[in-house]
Amino acid sequence: MVYGYIRVSTDRQTVDNQRFEIERFCSKNNLEIEQWIEETISGTKTPDKRLLGTLLAGIKKDDLIICSELSRLGRSLFMIMSILNQLMLIGVKVWTIKDNYRLGDNIQSKVLAFAFAFGLSAEIERDLVSQRTKEALARKRAEGVVLGRPNGKKSSCVKLSGQENEIKKLLEKRISKSAIGRILGVHRMTLDKFIKERM
């Protein structure tokens, strides 16, 4: 059985583009979609709360799911990996058009699963760093510490701080602001603002 899976996140998006991509792909590869699964729902929802869950429950070995890209299966790497793992254990193939994946019981699938595992560990680490940062900021706020630069106050030190004399000398030599900016490694507008506000 060949399934075409389409998911869009909001009512404002249309399934037509994904359906067109899948139909064009099938036409080129002599395939025919026997059943379409189309849904308008966020990829953050677990498969059991989506039509995808019904598909996963009834799919059989050697069936094929075609979708426009892997991100249609889920929003997070962990969710996509979980779904792909379930399908590979059954013996279902997953083909994507934009990503050009041909997943099944082959070496490409195993290599991809390995790459996903690395990607997942990086995603988990990012989440943990973000969580630790938020916890630290919340603790500081609870302790009464004012975070960030006070409203309306500019930093006393900027990229060109300490280079005022050099800028004056170059301007006296009638070197253009664009050239001075290149010499000092800043954009001409940054230099211009620094001259107006700090010199």
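A residue is called buried here when its relative accessible area is under 20%, and that cut-off is worth keeping in mind while you step through this predicted model.

Begin by selecting strand E1, residues 2-8. Both of its faces are covered, with Val2, Gly4, Ile6 and Val8 buried on one side and Tyr3, Tyr5 and Arg7 buried on the other. Seven of the seven residues of E1 are buried, so the strand is largely enclosed by the rest of the structure.

Next, add the strands that pair with E1. E1 and E2 run in the parallel sense and are joined by six bridges; to find the register in the viewer, select tyrosine 3, which stands opposite glutamine 35 in E2. E3 is also parallel to E1, and four bridges join these two strands, with glycine 4 placed opposite isoleucine 66 in E3.

From E3, residues 64-67, move on to E4, residues 93-96, where the pairing is again parallel and extends over four bridges. Here leucine 64 is the residue to select, since lysine 93 in E4 stands opposite this leucine.

Now show the whole sheet. Its five strands follow the order E2-E1-E3-E4-E5, and the sheet is open, with mixed pairing. Strand E2 (35-40) and strand E5 (102-103) are the edge strands, each of them pairing on one side only.

With the sheet still displayed, select helix H2, residues 51-58, which lies across strands E1, E2 and E3 and runs at about 150° to E2.

Then turn to the side chains, beginning with the aromatic rings. How many aromatic pairs does the count come to? There is one aromatic pair, and you can display it by selecting phenylalanine 25 and tryptophan 95, whose ring centres are 6.3 Å apart and whose planes stand at 85°, so the pair is edge-to-face. The reasoning rests on the cut-off that planes over 60 degrees apart count as edge-to-face. Because phenylalanine 25 belongs to helix H1 (residues 16-28) and tryptophan 95 to strand E4, the pair ties together parts that are 70 residues apart in sequence. Is phenylalanine 25 buried or exposed? Its relative accessibility is 11%, and phenylalanine 25 therefore counts as buried.

For the last stop, select arginine 19 together with tryptophan 36: the arginine lies over the face of the tryptophan, at 4.1 Å from the ring centre. Keeping E2 (35-40) in view at this point lets you place the ring of tryptophan 36 along that edge strand.

Definitions and conventions. Residues numbered from 1 in each chain as written. Predicted model: local features only at pLDDT ≥ 70, side-chain atom pairs only at ≥ 80, totals over all residues. Heavy atoms only, no water. Pairing = 2+ DSSP bridges. Contact = heavy atoms within 4.5 Å. Axes fitted to C-alpha atoms, helices over the stretch in contact; angles between N-to-C directions. Phe/Tyr/Trp six-rings, centres within 6.5 Å; stacked < 30°, edge-to-face > 60°. Buried < 20%, exposed > 50% of the residue type's maximum accessible area, 1.4 Å probe, protein only. Lys NZ or Arg CZ within 6 Å of the ring centre and 35° of its normal.
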